[in-house]
Amino acid sequence: MTKGTTSFGRRHNKSHTSCRRCGKVSYHIQKKTCSSCGYPSKKMRNFNWGQKAKGRRTVGTGRMRYMKTMTRRFKNGFREGTQAKKITSSD
């Protein structure tokens with residue numbers, strides 16, 4: 001048997017299926033762990049040698065429903081329920 005085309009025809013068993021947490025096809029069926037996010041471990045899998053992989057799932061990659069208003073609110077001292085004072089032009 002050769003190493004190339006004929007060998008590839010024999011590949012029909014799936015070792016990985018889609019992960020519940022990250023959605024990637026990285027969940028190993030026999031090991032019962034995800035090779036991408038580390039599910040079912042409570043802590044997300046990440047390493048310092050994978051800088052790009054860290055950036056793909058860090059803060060700022062999603063909708064940021066809470067965080068996107070944070071800079072504006074911080075600038076104003078987190079004030080709530082007040083109205084800005086009218087600026088009168090002095091001629």
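This passage describes the overall fold and two surface patches of a predicted model. Local features require pLDDT of at least 70 and side-chain atom pairs pLDDT 80 or more, whereas totals for chains, interfaces and linings use all residues. Residues are numbered from 1 along each chain as its sequence is written, and side-chain values use heavy atoms, with hydrogens and water left out.

The protein contains three helices and three strands, arranged along the sequence as α-β-β-β-α-α. The radius of gyration is 25 Å, well over the 12 Å that the globule rule gives for 91 residues, so the protein is more spread out than a compact globule. This radius is taken over C-alpha atoms, and the rule is 2.2 Å times the number of residues to the power 0.38. The C-alpha trace spans about 95 × 30 × 25 Å along its principal axes. Of the 91 residues, 11% count as buried (under 20% relative accessible area; exposed is over 50%, partly exposed in between, with a 1.4 Å probe and protein chains only).

Two patches were identified on the surface. Patch members have over 30% relative accessible area and no salt bridge, with like charges joined within 9 Å and nonpolar side chains within 5 Å; a salt bridge places a side-chain nitrogen of Lys or Arg within 4 Å of a carboxyl oxygen of Asp or Glu. Lys24, Lys52, Arg56 and Arg57 form a patch of positive charge. Of these, Lys24 occupies the loop between strand 1 (16-17) and strand 2 (27-28) and is partly exposed, at 40% relative accessible area. Val59, Met64, Tyr66 and Met67 make a nonpolar patch of about 410 Å². Met67 lies in the loop between helix 2 (51-56) and helix 3 (70-75); its relative accessibility of 42% makes Met67 partly exposed. Helices (H or I, at least four residues) and strands (E, at least two) are DSSP runs numbered from the N terminus.

Conventions:
Areas by Shrake-Rupley, 256 points an atom, 1.4 Å probe, with all protein chains shown as cover. Lys, Arg positive; Asp, Glu negative; His and termini not counted. Charge placed at Lys NZ, Arg CZ, Asp CG, Glu CD.
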